[in-house]
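Thanks for coming. I'll take one chain and its ligand, and go from the sheet outwards. Please have the sequence and the structure open while I talk.

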Amino acid sequence: MAPELQPDFSIRPAVMCDLTAIRALHADALRHLSCDYYDERQIDAALRGIGTIDPALISAGTYFVAADGDGLIGSGGWSPAGQLLGCGQPNGNDIGAGSTAAAIRAVFVCPQHAGKGIARAIMAHAEWRAREAGYRVFELMSTLNAMTFYVRLGYRPVEAANLTTPDGPTLPAIKMFKGEACAA
Ligand SMILES: CC(C)(COP(=O)(O)OP(=O)(O)OC[C@H]1O[C@@H](n2cnc3c(N)ncnc32)[C@H](O)[C@@H]1OP(=O)(O)O)[C@@H](O)C(=O)NCCC(=O)NCCS
């Protein structure tokens with residue numbers, strides 16, 4: 001059964017013409033909600049060199065946006081297994097390769113709407129869709145700032161990681177897992 005939604009926003013599959021707004025939302029969220037953990041150089045390098053949204057997820061119908069009357073306020077999705085990061089291009093971070101868990105991808109919330117349960121609703125939606133596709137275990141690569149959020153949703157940290165960017169800076173992150181058996 002579909003998760004129950006808050007009345008003031010809805011969740012729908014992203015479409016290609018959302019891409020510019022999604023990228024802007026992601027950059028805004030990282031700059032404002034991750035800045036206690038990463039400096040500007042790291043965030044810029046990650047946005048440029050790793051990317052946050054893989055358009056293939058949109059094509060596959062596994063990326064979702066939360067919208068209210070004014071526009072997009074959050075996004076997130078999943079992919080079958082393997083790549084946990086980035087925009088679909090090789091980026092030197094092969095974390096997740098070989099896994100059979102569904103990968104939770106790119107969960108971001110507009111800073112003005114943080115703390116209202118929007119990311120929780122997006123996660124419930126993405127996990128529900130992945131469960132419909134047969135997945136029972138989930139993994140993700142968490143930013144340092146988001147780790148407590150994912151713990152609240154039942155994920156546990158399994159491995160520290162250093163994400164590399166082509167520009168040089170690395171970003172510490174945490175691989176997290178939810179499910180019966182740990183694939184790490
Ligand atoms: C992490 C993020 C997605 C959380 O979005 P959100 O909509 O504010 O989260 P929610 O309101 O749904 O919070 C759900 C629960 O997690 C907790 N939580 C959310 N963000 C938290 C944070 N930064 N630190 C500690 N707890 C947090 C909430 O208090 C809430 O707890 P509850 O169980 O008591 O209700 C958002 O802060 C964000 O976009 N961050 C920047 C981008 C990013 O790092 N994304 C993750 C990529 S892996």
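One term before anything else: I call a residue buried if 20 or more other C-beta atoms lie within 10 Å of its own C-beta. What you see is a predicted model.

With that term, start at strand β5. Phe 138, Leu 140 and Ser 142 point one way from β5, Glu 139, Met 141 and Thr 143 point the other way, and all are buried. That follows a general pattern: in a regular strand the side chains alternate between the two faces of the sheet. For β5, 6 of the 6 residues are buried, so the strand is largely enclosed by the rest of the structure.

Now the overall layout. The chain has 5 helices and 7 strands. Reading from the N terminus, the elements run β-α-α-α-β-β-β-α-β-α-β-β. Of the 184 residues in the chain, 40% are buried. Among contacts with a separation of 6 or more, 71% are between residues 24 or more positions apart.

Next, the sheet. In what order do the 7 strands stand in the sheet? The order is β1-β2-β3-β4-β5-β7-β6, in an open sheet with mixed pairing. The edges are β1, residues 10-13, and β6, residues 156-164; each has a single partner strand, so one side of each is left without a neighbour in the sheet. From one strand to the next, the twist averages 25°.

I'll walk through some of the pairs. β2 and β3 are antiparallel, with 6 bridges, and a hairpin of 2 residues joins β2 to β3. To find the register, look at Val 65, which stands opposite Ser 75 in β3. β3 is mostly covered, with 7 of its 9 residues buried. On to β4: β3 and β4 run antiparallel and are joined by 5 bridges. Trp 78 has Ile 104 in β4 as its bridge partner.

Which way do β4 and β5 run relative to each other, parallel or antiparallel? They run parallel, joined by 2 bridges. Here Ala 102 has Phe 138 in β5 as its bridge partner. Phe 138 also stands opposite Lys 178 in β7. That second pairing, between β5 and β7 (residues 170-178), is antiparallel over 6 bridges.

Now helix α1. The helix lies across β2, β3 and β4, and runs at about 95° to β3. Two of its residues are worth finding on the screen. Ala 21 lies in α1. Is Ala 21 buried or partly exposed? Ala 21 has 15 other C-beta atoms within 10 Å, so it counts as partly exposed. Outside its neighbours within four places in sequence, Ala 21 is in contact with Gly 71 and Leu 72. Ala 21 and Leu 72 are 51 residues apart along the chain, and their C-alpha atoms are separated by 7.3 Å.

Further along α1 is Arg 31. Arg 31 is partly exposed too, because 15 other C-beta atoms lie within 10 Å. The C-alpha atoms of Arg 31 and Pro 111 are 9.2 Å apart in space, for residues 80 apart in sequence.

On to the core. The largest nonpolar core has 46 residues. Those with the most contacts inside it are Ala 66, Ile 104, Ile 118, Ile 122 and Leu 140. Ile 104 came up as the partner of Trp 78, and Leu 140 as one of the buried residues of β5. What does Ile 118 touch, leaving aside its neighbours within four places in sequence? Ile 118 is in contact with Phe 9, Ala 66, Ile 73, Gly 74, Val 109 and His 113.

Last, the ligand. There are 21 residues around the ligand, and Leu 33, Ala 119, Arg 120, Thr 143 and Thr 148 come nearest. By type, the shell divides into 11 nonpolar, 7 polar and 3 charged residues. Which elements each supply at least two residues of that shell? They are α1 (19-33), β4 (102-109), α4 (118-132), β5 (138-143) and α5 (147-152). Thr 143, among the nearest to the ligand, is also one of the buried residues of β5.

That is where I'll stop.

Terms used
Residues are numbered from 1 along each chain as its sequence is written. This is a predicted model: local features need pLDDT of at least 70, side-chain atom pairs count only at pLDDT 80 or more; totals for chains, interfaces and linings use all residues. A residue is near a molecule or strand if its C-beta atom, placed from the backbone, lies within 6 Å of it. Helices (H or I, at least four residues) and strands (E, at least two) are DSSP runs, numbered from the N terminus. Ala, Val, Leu, Ile, Met, Phe, Trp, Tyr, Cys and Pro count as nonpolar, Asp, Glu, Lys and Arg as charged, and the others, Gly among them, as polar. Two strands pair if DSSP finds at least two bridges between them. Axes are lines fitted to C-alpha atoms, for helices over the stretch in contact, and angles run from 0 to 180 degrees between N-to-C directions. Two residues are in contact if their C-beta atoms, placed from the backbone, lie within 7 Å. A residue is buried if 20 or more other C-beta atoms lie within 10 Å of its own, exposed if 12 or fewer, and partly exposed in between; C-beta atoms are placed from the backbone. A nonpolar core is a set of buried Ala, Val, Leu, Ile, Met, Phe, Trp, Tyr and Cys residues joined through C-beta atoms within 7 Å.
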